[in-house]
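Biologist: I should be grateful for a close look at one part of this structure, with an account of how that part is packed against its neighbours.

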Amino acid sequence: LNHMRLIFELRDLHFASPATVSRAGILYISTANQYKWYIESWVDERDGCSPEVKAILSQLFEKYVDKCLEYVRLNIISILPGQLPFNMVQSLCHLMAGLLRNKVLQPLLAQN
């Protein structure tokens, strides 16, 4: 049917055969830097933020995210199995968006 679409979302291609990949039109996107691209895109989309605030946000993400993800990986036992770094960063960005929308963080960022 022309009005229907089917999307396959896979965590990895470990069990996918070449036939599955070609028939489903699966794209492999490396997870190595996926969350960094998400952060970059998220910061760019902050329309209500000045360029200075965007620069500060980028610096803060760059300074703390990798260290925090490494700490979580080594020291925290998650109750959610398979929690990927991308999911944690995405949740952080949603929280930050709420704080920025309510103008909670902007004065603090402007002070830096």
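Modeller: Two residues are in contact when they have heavy atoms within 4.5 Å of each other. On that basis, among the contacts in the chain that link residues at least 6 apart in sequence, 60% join residues at least 24 apart. The model under discussion is a predicted one. The chain holds 5 helices and 0 strands, and from the N terminus its elements run α-α-α-α-α. Of its 112 residues, 20% count as buried.

The part chosen for the close look is helix 2, which covers residues 34-44. Its buried residues are Tyr35, Ile39, Trp42 and Val43. Viewed down the axis of helix 2, these buried residues fall within an arc of 95°, so they line one face of the helix. They pack against helix 3, which spans residues 51-75, and against helix 4. Helix 4 itself comprises residues 85-101.

The packing of these helices may be taken pair by pair. Two packed helices are described by the angle between their axes and by the distance between those axes. For helix 2 and helix 3, the angle is about 155° and the axes are 10 Å apart. Angles over 145 degrees count as roughly antiparallel, and helix 2 and helix 3 are therefore roughly antiparallel to each other. Helix 2 passes helix 3 in a right-handed crossing. On the side of helix 2, the residues that meet helix 3 are Tyr35, Lys36, Ile39, Trp42, Val43 and Asp44. Their partners in helix 3 are Lys54, Leu57, Ser58, Phe61, Val65, Asp66 and Leu69. By class, the contact of helix 2 with helix 3 divides into 8 nonpolar, 1 polar and 4 charged residues.

The second neighbour is helix 4. The axes of helix 2 and helix 4 come within 9 Å and cross at roughly 15°. Because angles under 35 degrees count as roughly parallel, helix 2 is roughly parallel to helix 4. The crossing of helix 2 with helix 4 is right-handed. From helix 2, Gln34, Tyr35, Tyr38, Ile39 and Trp42 take part. From helix 4, the residues they meet are Pro85, Phe86, Val89, Gln90, Cys93, His94, Met96, Ala97 and Leu100. This contact of helix 2 with helix 4 has 11 nonpolar, 3 polar and no charged residues.

The two neighbours of helix 2 also pack against each other. Helix 3 and helix 4 do so at an angle of about 140°, with their axes 11 Å apart. That angle makes helix 3 oblique to helix 4. Helix 3 passes helix 4 in a right-handed crossing. Leu57, Phe61, Val65, Leu69 and Val72 in helix 3 meet Pro85, Met88, Val89, Leu92, Cys93, Met96 and Leu100 in helix 4. In this contact of helix 3 with helix 4 there are 12 nonpolar, no polar and no charged residues.

Pro85 offers a single residue through which to view the three helices. Pro85 lies in helix 4. Leaving aside residues up to four places away in sequence, Pro85 touches Tyr35 and Leu69. Tyr35 is one of the buried residues of helix 2, while Leu69 is among the helix 3 residues that meet helix 2. With a relative accessible area of 36%, Pro85 is partly exposed, because that class lies between the limits of 20% and 50%. The C-alpha atoms of Pro85 and Ala32 are separated by 9.8 Å, with the two residues 53 apart along the chain.

Cys68 gives another point of reference, in helix 3. Its relative accessible area is 45%, so Cys68 is also partly exposed. Between the C-alpha atoms of Cys68 and Pro85, which are 17 residues apart along the chain, the separation is 10.0 Å.

Notes: Residues are numbered from 1 along each chain as its sequence is written. This is a predicted model: local features need pLDDT of at least 70, side-chain atom pairs count only at pLDDT 80 or more; totals for chains, interfaces and linings use all residues. Side-chain values use heavy atoms; hydrogens and water are left out. Helices (H or I, at least four residues) and strands (E, at least two) are DSSP runs, numbered from the N terminus. Buried means under 20% relative accessible area, exposed over 50%, partly exposed in between (1.4 Å probe, protein chains only). The arc is that of the directions from the helix axis to the C-beta atoms. Axes are lines fitted to C-alpha atoms, for helices over the stretch in contact, and angles run from 0 to 180 degrees between N-to-C directions. Angles under 35 degrees count as roughly parallel, over 145 as roughly antiparallel, 65 to 115 as roughly perpendicular and the rest as oblique. A crossing is left-handed if the near helix is turned anticlockwise from the far one by less than a right angle, and right-handed if clockwise. Ala, Val, Leu, Ile, Met, Phe, Trp, Tyr, Cys and Pro count as nonpolar, Asp, Glu, Lys and Arg as charged, and the others, Gly among them, as polar.
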